[in-house]
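Colleague: Could you take one part of this model and walk me through it closely? I'd like to hear about a single helix and what surrounds it.

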Amino acid sequence: MHVRPVEGTRLAAVVETPRGPLSVPPRHQAPIRLSLIVPTYNESRNIEELLRQLTTVLEPRLSGEYEILVVDDDSPDGTWAIAMRLAERLPMVRVMRRRGEKGLSTAVIRGWQAARGEVLAVIDADLQHPPEVLARLWESMEAGADLAAASRHVQGGGVSDWSALRRALSRGAQLLGLAVLPSVVGRLTDPMSGYFMVRRSAIADAEMSPLGYKILIEVVGRGRIRSIAETGYVFRERTAGESKVTARLYVDYLRHLLRLRIATLPPRFPRFAVVGFSGVVVDMGLLFLLSDPHALGWGLTRSKVLAAEAAIVNNFMWNDAWTFGDLAKRLGGGSARLKRFAKFNLICAMGLALSVLLLALQVDVLHLNRYFANAVAIATVTAWNFWMNKTFSWALPAPTASSASAADAPRRAAAT
């Protein structure tokens, strides 16, 4: 069916674009069960078929209790106008035409701000997300999950005809996310997914600040997400329209990760960063003294190995005494300190390998500026080293059942 876009169409389905901070209100005055956001830009060839498939899945389960909100970024191909025409015969469809503000992530949040659902959801408009998966996501939400995500990396999931390079880039982005933001990315098998449902109460009043296309890590990072359910799906190839994936999206993803990392920094991290900077000074100073022809004049490789190890020793001593000093006292000295140092050394060596890998990926594959890429690698490895050392080098042993019982005894006595 051909639908002729008409400028200036005003229907009851038209939704005004919210303004102000990107924060979802706690509830709507006339709540319904589910609001599904479909962010669009130049999807005129897909929107009708997508809406047909979505209603086929949702109507038997939620008739009268759901809405589909198309949020269009003023598409030159008139996607918004086609959606408005379709809304004349699909009462569950509403349309928001955004002007002066663009981007998939912000489109999703603007849609959620205007949505009425107690559960908020998002799906891509290009038919690469199979609409039938909505049924399983909804079952997970009804079972009590705070967030249900479609994943390519669990049983039943996969990608269609991706090249080896595209698969490597996808996994590389996930690895980068794990290094920078493990407490968020580590909760998901597919943090790059743009197909999920979330309970409104889990993100209400949390001010969002997303970048690029990846909204899921923003939701998990800033929301109050306790339980997550994942269901497998096979990512389809686009059948109509053009892909919007560019190198700029990778840069935005990096910026987004770092922004979230800074926003959720633990109080010990600034000390860890200061110690890391002192290690750089030690490394550079010793490298100069050992390798300079006017000083000792040793070979570059031997000089670098010794300088790097001296920096690691410097960093461990300061972190053990200052950054994690309170934990170190409880963990003890002597052999316990030597074990901490061994773990610290190993983690730093892994961080160095990660740095080289990230640098090569960004420069050789993505052709990014080498200095920008090096800065990203340094920031990523700093976050990696902090999290890994906090988790393993200075981790307190878990309390045993007997010690926990002994600790609770005074409270039980006081209660009686």
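What follows is a close look at one helix and then at some backbone angles.

Modeller: Sure, and keep in mind that this is a predicted model. Let's take helix α1, residues 47–62. With 16 residues at 1.5 Å each, α1 should span 22 Å, and its end C-alpha atoms sit 21 Å apart, so the two values agree. There is a bend, though: α1 turns by about 30 degrees at T56, and a proline, P60, comes within four residues after that.

Now for what α1 hides. I47, L50, L51, Q53, L54, T55, V57, L58 and L62 are buried. Residues three or four places apart on an α-helix point the same way, because there are 3.6 residues a turn. As for partners, the buried residues of α1 pack against two helices, α2 (79–87) and α4 (133–142), and against the strands β2 (32–40), β3 (66–72) and β4 (93–97).

Just past the end of α1, G64 has a positive phi of about 80 degrees. Most residues other than glycine have a negative phi, and that brings up a couple of others. D74, which is not a glycine, has a positive phi of about 55 degrees. D74 lies in the loop between β3 and α2, and it counts as partly exposed because its relative accessibility is 26%. L127 is likewise not a glycine, and its phi is positive, near 65 degrees. You'll find L127 in the loop that runs between β5 (117–122) and α4. With a relative accessibility of 11%, under the 20% cut-off, L127 counts as buried.

Definitions and conventions
Residues numbered from 1 in each chain as written. Predicted model: local features only at pLDDT ≥ 70, side-chain atom pairs only at ≥ 80, totals over all residues. Heavy atoms only, no water. Expected span 1.5 Å × (residues − 1). Bend = angle between axes of the 7 residues up to and from the residue. Buried < 20%, exposed > 50% of the residue type's maximum accessible area, 1.4 Å probe, protein only. Contact = heavy atoms within 4.5 Å.
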